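I opened a new page in my notebook for this one. Here is what I looked up, in the order I got curious about things.

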Amino acid sequence: MWLAGADVVLWRKPGATMSGEMLDEALIARTALSSAMTLAYRHYDVSTRTTPEFAAVIGLVPRGSVDEASVVTTMASARGHLGLELRAGLARDSARPDRAWRAGGSLIWAPTPATRFALGYEGATEVASGLVGQRSTSWWSFHVDL
């Protein structure tokens with residue numbers, strides 16, 4: 001699988017930012033939530049080779065070529081204690097006659113500069129990974145800066 005893409009910030013309000021210095025969900029890079037709207041484009045290409053025995057149990061598509069356009073809107077309260085993130089995307093697979101969508105959001109509460117709670121949900125149809133179907137993901141996280 002390989003992917004390429006680009007993001008364009010359509011609108012931002014630099015003054016409104018969530019309090020706290022936190023890491024992203026993968027705990028790799030520093031992140032801040034400020035009010036903004038971002039338009040994104042991604043291209044995914046996937047190919048699989050399976051044995052007939054494996055294909056009899058789990059059917060993977062042999063190839064996919066997906067183009068996805070998405071938008072993410074984030075809003076932070078003026079005091080930086082509450083944040084909201086809304087996501088949506090539409091995709092088309094040119095290798096197969098498939099279309100996909102995804103939509104979700106997260107509610108973030110930062111009661112102190114060193115803590116952040118997040119509650120999120122995303123629903124989607126899945127085509128980019130080689131598995132075709134529905135996906136629902138929800139999560140709750142607590143970040144603390146020690």
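**Entry 1: a hairpin**

Which residue takes a positive phi in the hairpin of β5 and β6? I checked, and G80 does, with a phi near 80°. That hairpin has 5 residues between its strands. Note to self: this is a predicted model.

I then looked at how the two strands of the hairpin line up. β5 covers residues 63–76, and β6 covers residues 82–93. They pair in the antiparallel sense, over 11 bridges. One position I wrote down is T73 in β5, which stands opposite L86 in β6.

**Entry 2: the whole chain**

Time to step back. I counted 1 helix and 9 strands in the chain. Read along the sequence, the pattern goes β-β-β-β-α-β-β-β-β-β. The chain has 146 residues, and 34% of them count as buried.

I also looked up contacts with a separation of 6 or more in the chain. Of these, 54% are between residues 24 or more positions apart.

**Entry 3: the sheet**

In what order do the strands of the open sheet come? I noted β1-β4-β5-β6-β7-β8-β9, so to speak a list of 7 strands, with antiparallel pairing. The edge strands are β1 (2–17) and β9 (133–144), and each of them pairs on one side only. On average, neighbouring strands here are turned by 10° against each other, direction ignored.

A reminder from my course notes: strands of a sheet pair through backbone hydrogen bonds, either parallel or antiparallel.

Next I went through the pairs around β4, which spans residues 34–47. With β1 it pairs in the antiparallel sense over 12 bridges. With β5 it pairs in the antiparallel sense too, over 12 bridges. For the β1 side I wrote down W2, whose bridge partner in β4 is D45. For the β5 side I wrote down V46, which stands opposite G64.

**Entry 4: D45**

D45 had just come up as a bridge partner of W2, and I wanted to know more about this residue. It lies in strand β4. Is D45 buried or exposed? It counts as buried, because its relative accessibility is 13% and the cut-off for buried is under 20%.

Who are its neighbours? Leaving out residues up to four places away in sequence, D45 touches M1, W2, R63, G64 and S65. I checked S65 further: D45 and S65 are 20 residues apart in sequence, yet 4.6 Å apart in space, C-alpha to C-alpha. The side chain of D45 also has a polar contact of 3.3 Å with the side chain of H43.

**Entry 5: D93**

S65 turned up again when I looked at D93. D93 lies in strand β6 and is buried, with a relative accessible area of 2%. A polar atom of the D93 side chain lies 2.9 Å from the backbone nitrogen of S65. Not counting residues up to four places away in sequence, D93 touches G64, S65, V66 and D98.

**Entry 6: the nonpolar core**

Which residues make up the largest nonpolar core? I found 7 of them: A16, M18, L33, A76, I108, A110 and A118. I picked A76 for a closer look. Beyond residues up to four places away in sequence, A76 touches A16, T17, M18, L33, S34, S35, L82 and G83.

**Entry 7: the rings**

Last stop, the aromatic rings. How many aromatic pairs are there? The count comes to 3. In one of them, the rings of W109 and F117 have their centres 5.4 Å apart and their planes at 20°, so this pair is stacked. F117 also pairs with W140: their ring centres are 6.1 Å apart and their planes are at 40°, so this pair is tilted.

F117 sits in strand β8 (residues 115–126) and W140 in strand β9, so their pair ties together parts that are 23 residues apart in sequence.

I looked up accessibility for these three as well. W109 is partly exposed, at a relative accessible area of 46%. F117 is partly exposed, at 25%. W140 is exposed, at 57%.

To finish, I noted that W109, F117, W140 and F142 form one aromatic cluster.

Technical notes: Residues numbered from 1 in each chain as written. Predicted model: local features only at pLDDT ≥ 70, side-chain atom pairs only at ≥ 80, totals over all residues. Heavy atoms only, no water. Pairing = 2+ DSSP bridges. Helix = DSSP H or I, 4+ residues; strand = E, 2+ residues; numbered from the N terminus. Axes fitted to C-alpha atoms, helices over the stretch in contact; angles between N-to-C directions. Buried < 20%, exposed > 50% of the residue type's maximum accessible area, 1.4 Å probe, protein only. Polar contact = N/O pair within 3.5 Å; in protein donor to acceptor, adjacent residues only side chain to side chain. Contact = heavy atoms within 4.5 Å. Core = buried A, V, L, I, M, F, W, Y, C linked by side-chain atoms within 4.5 Å. Phe/Tyr/Trp six-rings, centres within 6.5 Å; stacked < 30°, edge-to-face > 60°.
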